[in-house]
Amino acid sequence: MTTHFSSTFPLPDPSDPLTGGFWSHAQQRVLALPRCQACGAWCWYPRATCVACSGPWRWTPVGGHGRIFTFTIVHKAFLPAFADDIPFATGLVVLDDAEGIRLATRFSNIDLAAIEMDMPVTVRFEELRFAGVDGSMLAPVFEPRP
Amino acid sequence: MARTARPSWGWAEPLDDITGQVAIVGVGESDHTRASGRTTTEIAAQAVERALRDARIDPADVDGLMWHPSFPDQLDAGAFARHFGVTPKWTSTEGGGMTWAATAASTAAAAIRAGHASVVVNAFAVAWATQRRSMVGGPGQQHAQDLHKRQLEVPFGWFPQPVYYASIARRHMHDHGTSEDDLGSIAVAFRRHANLHPTAVMRDRSLSIEDYRASAPVATPFRNEDCSLISDGGAAFVITSQERARDLPHPLVAVAGVGLGTSATGVHLAEQPDLTSTPQVFSAPAAFGMAGITAADIDVIEVYDPFTIVALMQLEDIGCCEKGEGGELARNGGLRYDGGRVPCNTHGGLLSHAYVLGVAHVVELVRQLRGTAAAQVDGARVGVYAGYTGPQASTLVLVAP
């Protein structure tokens with residue numbers, strides 16, 4: 001119970017050795033996920049090696065098209081940092097080009113009353129900012145696909 | 001209900017067959033309150049005092065103690081010695097609530113069988129209502145310490161548990177036709193039981209399906225009533241051999257089976273291949289096999305219910321109904337203590353009794369099988385507790401003579 005919460009929490013840390021690549025790529029407007037160099041599996045969430053075959057993985061750009069696997073519209077600020085955001089839509093997407101994994105994300109440019117399961121969405125990079133937290137970071141969120 | 005194929009995303013842990021070995025002979029609850037200023041250790045000690053009094057066992061005779069160290073300030077061996085003046089000679093940190101409230105019986109049985117202990121106390125308490133004001137402790141902080149959640153979920157607002165489980169509920173609705181009223185029917189059924197329970201936090205607050213529908217959304221499809229209370233409280237129970245239990249005042253409540261199921265995918269729900277099932281699909285068949293029962297034999301069931309959807313999924317995964325039919329079961333009054341097909345959370349559960357992470361579920365189950373519960377199920381003889389952490393689920397089968 002000694003984890004240090006930085007003053008920028010809940011902004012992510014792009015220098016984290018295991019997960020930071022997701023965010024450092026996002027700063028270049030690239031959606032990248034860990035992919036096993038041996039068996040080709042998408043290693044999400046990232047661990048030291050591929051869970052399927054223990055092979056090495058590498059951050060690999062992936063297409064940004066997908067569908068809403070599930071969602072919720074959040075009306076309560078569960079963290080003070082979310083206070084300026086509510087109500088917002090968050091949930092899981094499945095990507096057309098990364099079979100077998102689900103990505104937690106936020107849904108943007110979307111009519112909260114019209115959001116639907118299996119809705120086609122595409123990635124969009126937006127500045128992530130939080131109430132009472134200095135700084136911002138580009139984040140891969142998803143918007144409806146025409 | 002027969003299941004032809006078991007899914008491949010998890011397994012049942014191998015547990016010794018403990019049929020015929022141990023019984024739960026004493027149960028106790030602390031006062032359950034909103035923020036009270038009490039410490040966790042004080043709360044646990046009060047529950048243990050009451051459990052020992054219930055069992056007519058002197059604290060000096062306690063030689064085994066179980067708690068769980070991942071929650072702060074539990075009644076560990078040092079705290080027990082300071083409070084009761086006795087140092088238990090055998091201890092285990094595989095006790096407490098959640099899944100451990102079931103598997104404690106297995107761990108204690110092994111210690112009793114080996115002669116390491118003869119009277120084992122399992123206790124658990126939280127003071128999260130008191131701690132919440134300063135955002136220290138509490139379920140949210142425990143989860144935010146996980147690297148993957150902090151880096152890959154929290155920044156998107158997919159956090160904390162009400163948001164995860166609202167997402168799971170939405171998927172269950174999509175896959176199985178479950179409705180918001182179905183979820184509401186679970187909250188209403190448990191609240192009605194809490195209204196009958198003398199120590200339930202929500203004893204004096206009724207809830208109708210109309211009240212539920214009128215309640216504002218927290219994270220759709222959830223309203224407040226879909227989410228567990230945050231309260232200060234604790235509970236404890238006493239395990240001993242069935243031989244010794246026969247000399248004690250209460251009717252024998254025997255441990256007939258224990259199961260523990262594990263999801264291969266761990267703590268991150270986004271990774272679980274079947275988002276709308278729980279590891280109860282692995283745990284329940286193992287426990288029922290040990291006990292020689294089927295789901296159809298269950299007279300009363302207390303399920304770990306941090307959210308309405310978790311109660312619903314566990315009932316389905318245990319086999320109380322077919323997968324996807326939990327909503328219909330709840331909607332048609334199937335969970336009611338008086339005449340329901342599967343009387344469930346007869347004390348009100350985490351949703352309406354108290355948020356003590358399942359230990360009070362076991363306390364209630366024992367009272368049901370003694371025939372002394374507030375919302376008593378007529379003739380209850382076979383009772384089940386379904387524990388849950390997310391990556392694991394457990395099943396405890398208790399049987400009255």
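**Reading cut-offs in a predicted model**

B:C321 is buried, with a relative accessible area of 4%. This is a predicted model, in which local features need pLDDT of at least 70, side-chain atom pairs count only at pLDDT 80 or more, and totals for chains, interfaces and linings use all residues. Side-chain values use heavy atoms, leaving out hydrogens and water, residues are numbered from 1 along each chain as its sequence is written, and chains are lettered from A and ligands numbered from 1 in the order in which they are written.

Me: Why is B:C321 called buried?
Reply: Buried means under 20% relative accessible area, exposed over 50%, and partly exposed in between (1.4 Å probe, protein chains only). B:C321 has 4%, so it counts as buried.

Me: What makes A:C43 count as buried?
Reply: Its relative accessibility is 6%, so the label buried fits A:C43.

Me: Why is there no bond between A:C43 and A:C50?
Reply: A disulfide is a pair of cysteine sulfur atoms within 2.5 Å. The closest cysteine sulfur to that of A:C43 is in A:C50, 4.0 Å away, so it is too far for a bond.

Me: And why is there none between B:C321 and B:C320?
Reply: Their sulfurs are 6.8 Å apart, and B:C320 holds the closest one to B:C321, so this pair is too far for a bond as well. Over all chains, the structure holds zero disulfides.

Me: How many helices and strands does chain A have?
Reply: Chain A has one helix and seven strands; helices (H or I, at least four residues) and strands (E, at least two) are DSSP runs, numbered from the N terminus.
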